Amino acid sequence: MSDKILRIRNLRVSTDSGTELLHGVSLDLEQGEILGLIGESGAGKSTIGLAAMGYGRGGCRITGGEVLLAGRDLADCSRQDREAVRGARIAYVAQSAAAAFNPAHRLEKQIIEAPLYHGLMTETEARAWMVELFTALGLPEPESFGRRFPHQVSGGQLQRAMVAMAMACKPDILVLDEPTTALDVTTQIEVLRLLRDTIRKYGRSALYITHDLAVIAQVADRLVVLRHGQEIETGPTQQILTAPREEYTRRLVSERQASLSAPAGAAHKTGRELLRLNRVDATYGKVPVISEIELSVKQGETVAIVGESGSGKSTLARVVAGLLPPSQGAVMFDGAALPPSYRKRGKDLLRRIQLIYQLPDVALNPRQTVGETIGRPLTRFQGLTGRANRAEVLRLLEQIGLPAEMADRLPDALSGGQKQRVCIARALAAKPDLIICDEVTSALDPLVAEDILRLLRRLQDELGITYLFITHDLSVVKRLADRTVVMQKGRIVEEAETDRLFEAPGQIYTRKLLASVPQLDPGWLDQVLTAP
Amino acid sequence: MLTLIAKRAVLGVFTLWLVSVLVFAGTEILPGDVAGAILGQSATPESLARLRAELGLDVPALQRYVEWLTGFLQGDMGRSMASGQPVAGLLWPRFWNTMSLAAYAGVIAVPLAVGLGIMAAALRGGIFDRVSNVAALAFVSLPEYFLGLLLVLWLSVKTGWLPSLADTYEGMGMAAWFRATTLPMLVLVMVTTAQILRMTRTTVLGVMDQPYVETAYLKGLRNGRVVLRHATPNAAAPIVNVVSFNIAYLITGVVLVEAVFNYNGLGRFMVDAVSRRDLPLVQAAAMIFGAVYVFLNMVADIAAIALNPRLRHPRGKEA
């Protein structure tokens with residue numbers, strides 16, 4: 001079995017408080033293979049990736065099993081032996097290169113550090129190899145790129161530089177932990193291709209960790225599906241995608257398929273106009289962020305604002321919410337001009353426009369129970385106290401699909417999806433006309449996100465609420481939005497009914513954006529790249 | 001970056017001016033006056049008024065402030081009201097005494113404290129970390145005069161190794177000076193080392209939780225190298241801050257230590273001047289203390305700006 005470059009047997013990992021995160025996982029990585037680890041958060045993907053390097057994050061320890069790499073068992077060897085392997089034979093690419101690069105040193109210093117430290121190359125050799133990698137990874141001015149500091153390059157470039165740093169010692173194995181998740185879709189394609197080609201070109205093996213089936217379908221030869229620290233099934237990528245054996249895998253695959261093909265709400269709504277933006281400009285200091293925004297939203301409609309980071313979509317939400325007064329133009333709400341700042345808006349206006357945020361973890365006060373969190377707007381806006389308040393809290397909990405006993409829990413005891421439901425209930429408690437949803441599903445796992453979207457849709461049918469939906473995720477748009485507004489560099493580039501936009505995008509940028517959404521078909525990446 | 005530093009420098013000068021206003025106003029509302037202090041119980045109203053006029057105390061406060069400030073800017077600190085001697089001649093020798101003691105303590109304390117702090121962080125949870133933590137906490141908690149008296153008891157009274165009083169005089173030999181000032185130096189080193197050590201440890205540990213430190217470990221680097229190369233540079237700015245704060249303390253906050261060891265420094269000089277209501281001396285000493293504080297804080301802030309790679313190497317410009 002000499003072509004098995006990494007063998008993990010019955011791996012168990014526990015936190016220092018004794019909770020077991022991995023309950024005996026086994027896997028083999030063959031020479032030259034890219035093995036995908038897929039699962040939702042908490043499945044133990046990253047824990048396996050780090051354990052493969054003999055490393056435990058934040059006090060986690062390997063408590064059983066074997067990690068056989070380069071003739072050593074990393075689960076049971078001296079610290080010196082582990083350090084000799086790390087970086088040199090197996091190297092790590094983190095999700096956020098922006099956080100993983102040391103801000104105090106130049107890129108080149110960090111990249112050639114490991115080969116020099118392990119005594120594998122001379123400085124000249126290490127530099128030459130770095131320049132070669134920069135070239136292969138398509139970085140600008142490969143000769144001098146390394147002179148820059150991390151904050152001087154873009155996110156996509158930094159992610160590629162991180163790959164160069166991992167490849168610096170010519171390791172046998174790369175551990176790639178969600179390496180493209182933090183990137184915009186259009187950047188993701190490019191990085192994905194370079195990653196795959198670089199790994200293949202130099203004949204490396206890789207453990208590729210991600211929660212996105214469509215992304216992994218493009219790069220992995222085989223997949224391991226994980227859940228709750230256990231292996232669900234393992235098989236060739238094609239088989240997992242087309243003929244999953246386990247029920248859980250089937251759900252993962254069908255959810256992803258649905259997200260890519262589901263039709264949008266067909267009925268085009270024709271209610272009265274609820275929100276209107278007239279040539280709105282907004283700036284941060286003197287820097288213009290959005291300009292000449294014209295937007296009209298009808299009662300009971302869902303309008304999605306899509307765009308990449310920096311396109312100004314969140315700024316638009318802040319303007320409507322009154323958090324950032326526009327520098328020019330006016331916002332009309334239900335026929336009347338909306339005061340620019342939320343401070344000037346009366347109680348009733350504040351009630352009618354509610355916000356739900358991206359990160360439910362930080363949007364809830366950790367010291368307030370769910371009941372208190374939802375009960376507060378009930379008291380403020382509807383004057384409900386005591387028993388009436390409690391009854392309404394329970395009714396709202398039922399409406400959003402949480403059991404009544406949740407009312408007395410603190411947010412810490414809730415899962416991410418449950419927290420987001422509480423945030424939705426809090427917004428509903430105000431009986432709003434308009435809810436601004438700022439990336440409300442992007443921090444959630446796919447199956448959980450799907451549930452939240454379904455909930456939002458049902459609430460709209462029942463209560464006739466209007467949604468302004470800010471997102472970068474086009475599959476979310478497709479499933480929820482009646483109309484879609486595409487933003488780029490602070491301007492609206494295209495606006496259309498969602499199904500029409502997806503069928504016949506009018507603008508080049510929209511086409512590019514749509515084409516960048518990874519598809520489940522393993523051949524998709526090559527098709528996109530060869531397409532004109 | 002240069003404009004940031006320039007702005008900070010201007011702000012420093014402005015702060016110094018505010019200090020001068022406060023010092024002058026503060027000494028104006030001090031109870032009693034020097035004429036009364038000089039003439040004592042037997043003073044008649046006439047003789048008090050005469051003395052006040054002689055000392056210039058009958059002029060309006062604002063005019064006196066302007067004259068005092070312009071004089072001060074030209075290096076003329078006025079004359080002592082009690083002895084009539086120029087303030088400068090009385091003050092500077094004491095100032096240099098204080099500075100020498102501060103330098104003696106600082107040169108030892110700062111490298112020692114920063115080194116020990118980094119070491120404690122690198123060996124987090126180990127024996128060294130725990131012992132240094134307990135010791136540092138003890139030194140920070142004990143009042144410095146108590147520490148001073150303990151040292152006198154052990155190193156002077158019981159063993160006779162060092163003199164208990166830090167008597168220094170003009171033309172004293174180097175060896176004798178060091179021997180005389182070692183006890184107060186030790187007290188100051190203990191107090192400042194403890195503070196800087198604790199702060200350095202905390203800051204470095206804070207940086208140790210950053211993802212780029214994990215990256216360094218995953219390169220297979222030794223613990224020591226990770227701490228020194230990857231964590232410490234990012235902890236530099238807060239460390240510089242606490243160091244400068246402690247140096248300022250060494251210069252301006254040592255009056256108790258000077259009192260315990262009868263050391264002829266600026267702190268005791270100022271206390272004596274206050275008790276004699278000798279306003280020009282008090283004002284001059286307070287201004288010096290203020291200037292030291294403002295200057296050191298400014299140096300720390302400028303160092304923090306200069307240590308920030310984002311400001312040193314702005315985006316869009318090639319390195």
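# Questions on a predicted two-chain model

Me: In this predicted model, which residue stands opposite Asp281(A) in E14(A)?
Reply: Five bridges join strand E11 (residues 273-284) of chain A to strand E14 (residues 328-333) of chain A, and the two run antiparallel. Asp281(A) has its place opposite a residue of E14(A), and that residue is Gln328(A).

Me: Which strands are the edge strands of the open sheet with the order E12-E11-E14-E15 in chain A?
Reply: The sheet has four strands with antiparallel pairing. An edge strand pairs on one side only. In chain A these are strand E12 (287-298) and strand E15 (336-337).

Me: Why is strand E19 (residues 483-488) of chain A described as largely enclosed by the rest of the structure?
Reply: Arg483(A), Val485(A) and Met487(A) point one way from E19(A), while Thr484(A), Val486(A) and Gln488(A) point the other way. Residues on both of these sides are buried. The strand is therefore largely enclosed, its count of buried residues being six of the six.

Me: Which residue stands opposite Val306(A) in E19(A)?
Reply: Strand E13 (residues 302-306) of chain A runs parallel to E19(A), with four bridges joining them. Opposite Val306(A) in E19(A) is Val486(A).

Me: Which residue takes a positive phi in the hairpin of E19(A) and E20(A)?
Reply: E19(A) pairs with strand E20 (residues 491-497) of chain A in the antiparallel sense, over six bridges. Within that pairing, Thr484(A) has Ala496(A) as its bridge partner in E20(A). The hairpin has two residues between the strands, and the positive phi, near 50 degrees, belongs to Lys489(A).

Me: Is Ala427(A) buried or exposed?
Reply: Ala427(A) lies in helix H17 (residues 416-429) of chain A. Leaving out residues up to four places away in sequence, Ala427(A) touches Gln354(A), Ile356(A), Pro432(A) and Ile435(A). A residue is buried if 20 or more other C-beta atoms lie within 10 Å of its own. Ala427(A) has 21 C-beta neighbours inside 10 Å, so it counts as buried.

Me: How many Å apart in space are Ala427(A) and Ile353(A), C-alpha to C-alpha?
Reply: In sequence, Ala427(A) and Ile353(A) are 74 residues apart. In space, their C-alpha to C-alpha distance is 8.8 Å.

Me: Which helix of chain B gives the most to the largest nonpolar core?
Reply: This core has 165 residues, and those that touch the most other members are Ala164(A), Ala168(A), Leu207(A), Tyr208(A) and Ala285(B). The helix that gives the most to this core, with 15 residues, is helix H5 (residues 87-122) of chain B.

Me: How many residues are in the second, separate core?
Reply: Among the members of this core are Leu277(A), Ile374(A), Ile452(A) and Met487(A). Met487(A) is also one of the buried residues of E19(A). The second core has 68 residues.

Me: How many nonpolar residues are on the side of chain A that touches chain B?
Reply: The contact involves 27 residues of chain A and 17 residues of chain B. Helix H2 (79-85), helix H3 (97-100) and helix H5 (113-117) of chain A each supply at least two residues of the chain A side. By class, that side has six polar, six charged and, as nonpolar residues, 15.

Me: How many helices are in chain B?
Reply: The C-alpha trace of chain B spans about 85 × 60 × 35 Å along its principal axes. Of the 319 residues in chain B, 37% are buried. Chain B has zero strands, and its helices number 14.

Me: Which elements give two or more residues to the side of domain 1 of chain B that touches domain 2 of chain B?
Reply: The domain assignment of chain B gives domain 1 (34-76) and domain 2 (91-312), and their centres are separated by 39 Å over C-alpha atoms. The contact takes four residues from domain 1 of chain B and six residues from domain 2 of chain B. On the domain 1 side, the elements are helix H2 (34-39) and helix H4 (61-73) of chain B.

Me: What percentage of residues 177-197 of chain B is helix?
Reply: An unreviewed UniProt entry places the feature "transmembrane region" at several spans of chain B, including residues 135-157 and 177-197. Residues 135-157 of chain B are 91% helix, with end C-alpha atoms 24 Å apart. For residues 177-197 of chain B, the end C-alpha atoms are 28 Å apart and the helix content is 100%.

Terms used
Residues numbered from 1 in each chain as written. Chains lettered and ligands numbered in written order. Predicted model: local features only at pLDDT ≥ 70, side-chain atom pairs only at ≥ 80, totals over all residues. Contact = placed C-beta atoms within 7 Å. Nonpolar A, V, L, I, M, F, W, Y, C, P; charged D, E, K, R; others polar. Buried ≥ 20, exposed ≤ 12 C-beta atoms within 10 Å, placed from the backbone. Pairing = 2+ DSSP bridges. Core = buried A, V, L, I, M, F, W, Y, C linked by C-beta atoms within 7 Å. Domains from an automatic or database assignment. UniProt positions renumbered as here; feature names shortened; annotations may be inferred.
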